[in-house]
Amino acid sequence: MRMSFAFIGLGGTDEVGASSYLYLLREGNLLIDAGLRPGHVGEAALPKLELLTDYPPSAMVLTHAHLDHVAGLPVVIRRFPKLNIYCTEATARIAALVLADTLKVSTEQGYPMFSPTEMKRTLERLRPIPYFQRITDHGFAFTLYPSGHLLGAASVLIESGGKTVFHTGDVSNVETPVVTAAWLPAQVTPVDAVVSESTYGDTLLPSRKEQVRTFVQAIGETLKGGGRVLIPSFALGRAQEITQILTTSMASGLLPKAPLYLDGLTRQMTEAYEEMLPLLPPALQNRRKASGQPVFLNEAVKLVRDRREREQVIASDRPGIVVASSGMLHAGASPLYARAWLPQSDNALFVVGYQDAESPGRRLLELQQGGEVMLPNGRGGLEAVSAYSRVERFYLSAHADRGGMLGMIARYSPGKVLLTHGEVAPRNNMAGYLNSKYDVSLPATGEIVELQDSGRRRRAFINAGKKKLEAVKERHAKAKVEVTYDPEHHVLVVDLPETIDGSLFGEGEYTLEVLRGKLTRIKLRERDQEALAGIQEVSEEDTLAVD
């Protein structure tokens, strides 16, 4: 029997990479994204696109042009040469650059993912559409909304058979110099299901303004000490934001003037951003009008155009800053600088983006100073490099944190929530905050998941109804609850007054939610096998907020 409102994750479910999602709808199937896994080659880098043989798509949406969402498109078009791919104008323009770079890199690695002809055919299938325009050409309907993550990035509202599902895509609810925050409806707008990313599902990110301040300060300290700074960066979006932060800091005197080099794909992408100025935030457009100067490629920025220039920058002992791809040190120009500069203690390497579990960047962050990290050597192999330089992480992510995602999901008040695009721990953590209110699913790759609300919820920890709970609160209004930290076992201990009836609470393992230093909720994480299976029904009386 044909599924009429279901979801299949072809990749990018319990991982950040190879994102590709298929919606099985009454009127046809909608495919969203087809990316690659960074750090992998050949078939291992692809989503399970073979599943499309049984569920051929009627149309496709590309949410944005990052490698892990776009680089597998030619493989899809190889299978479905007449498939229309809808995206924003900015995404279409950036996708051409990303696919060209993917072809170049994969060919150099000896595992070309597609041919130049297949890339050309793919670009011809792109159908740019504006945000907020409802497309109904395929029976079902969909609308793109700004998701804030990257220039041109979109969330997708899908309508089929009287039901709706909101696909968040990659989302950021924080405005940056190069992209506005994600759009949200002014009022709560209920949908049947939300399929949400969960990249930082276990994290409350620090203040971006404070992170930028300490980031600039750390760079200044390194430059004043005569050192050089390497910033491995995602070439698309992050590199342009970093460039803006550094050039404006130099112009205002917050940062010593020093050469700022762009190398690898960051150079080409920044040149493309300069050309796409009309699509960027109004503040940047106004700056160009007022100054008459390029916004990104001003006199402080120097482009590294070939190997000879790169070798000159690496060999120079002058203080300077390099922003180079790739952001996780998987490949590209950044490992070449890292190999040369990491062994010297007066230099610094600053991480400014997400690092997947297997990336050299993640392993570098886990090292003690002086430890060794395996880095690409530029010849297809890996080489051990000692890390004596300053290594630090700054949270300048283009993804919303757990609080931002919970707020977005609440705005759409879904019956069902599916969590994707996250490692195991962030997905599970975020599910723990959702599963007393929503029917939550953590789909495995290739699993068909119904998008209807099953009505199932996991229980919270209170065993009492609302009336009994209010009576307990009144009776013990002046009772003292102490929370202490046990350093030997690394646990928080909550001491309740002896007068409180123990039957009020279920037995099991509890979690505490702390938001901005304030305890806001206590929740029973593991109760019994029935609760773990998620089959107990609960009411709103089963949750408790702690003031």
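This passage describes two sheets, the helices packed on them and a surface patch in a predicted model.

Local features were taken at pLDDT of at least 70 and side-chain atom pairs at pLDDT 80 or more, whereas totals for chains, interfaces and linings use all residues. Residues are numbered from 1 along each chain as its sequence is written, and side-chain values use heavy atoms, with hydrogens and water left out.

Helices (H or I, at least four residues) and strands (E, at least two) are DSSP runs numbered from the N terminus; two strands pair if DSSP finds at least two bridges between them. One open sheet consists of seven strands in the order β7-β8-β9-β10-β11-β20-β21, with mixed pairing. Strands β7 (135–138) and β21 (439–441) are at the edges and have a single partner strand each, so one side of each lacks a neighbour in the sheet. Neighbouring strands are turned by 20° against each other on average, direction ignored; axes are lines fitted to C-alpha atoms, for helices over the stretch in contact, and angles run from 0 to 180 degrees between N-to-C directions.

Within this sheet, β8 (residues 140–146) and β9 (residues 154–160) run antiparallel and are joined by six bridges. Leu144 stands opposite Val156 in β9. Strand β11 runs parallel to β10, with three bridges between them, and His167 stands opposite Val195 in β11. Strand β11 also runs parallel to β20, here with five bridges, and Thr420 in β20 is the bridge partner of Glu197.

Five of the five residues of β11 are buried, so this strand is largely enclosed by the rest of the structure. Buried means under 20% relative accessible area, exposed over 50%, and partly exposed in between (1.4 Å probe, protein chains only). In a regular strand the side chains alternate between the two faces of the sheet. In β11, Ala193, Val195 and Glu197 point one way, while Val194 and Ser196 point the other way; all are buried.

Two helices lie across this part of the sheet, contact being defined as heavy atoms within 4.5 Å. Helix α12 (residues 402–412) lies across β10 (163–167), β11 (193–197) and β20 (416–420), at about 165° to β11. Helix α13 (residues 424–434) lies across β11, β20 and β21, and runs at about 165° to β20.

A further open sheet has six strands in the order β14-β13-β15-β12-β16-β19, with parallel pairing. Its edge strands, β14 (301–303) and β19 (390–393), each pair on one side only. The twist from one strand to the next averages 20°. Strands β12 (residues 228–232) and β15 (residues 320–324) run parallel and are joined by five bridges; Ile321 in β15 is the bridge partner of Val229. Helix α7 (residues 265–275) packs on the sheet and touches β13 (260–263), β14 and β15, its direction making about 100° with that of β13. Helix α10 (residues 334–341) also packs on the sheet, touching β12, β13, β15 and β16 (348–351), and its direction makes about 145° with that of β12.

On the surface, Val481, Val483, Tyr485, Leu492, Val494 and Leu496 form a nonpolar patch with about 520 Å² of accessible area together. Strands β23 (482–486) and β24 (491–495) are the elements that give two or more residues to the patch. Patches are made of residues with over 30% relative accessible area and no salt bridge, like charges being joined within 9 Å and nonpolar side chains (Val, Leu, Ile, Met, Phe, Trp, Tyr) within 5 Å. A salt bridge is a side-chain nitrogen of Lys or Arg within 4 Å of a carboxyl oxygen of Asp or Glu. Accessible areas come from the Shrake-Rupley method with a 1.4 Å probe, and for residues only the protein chains shown count as cover. Leu496 is in the loop between β24 and β25 (509–515) and is partly exposed, with a relative accessible area of 42%.
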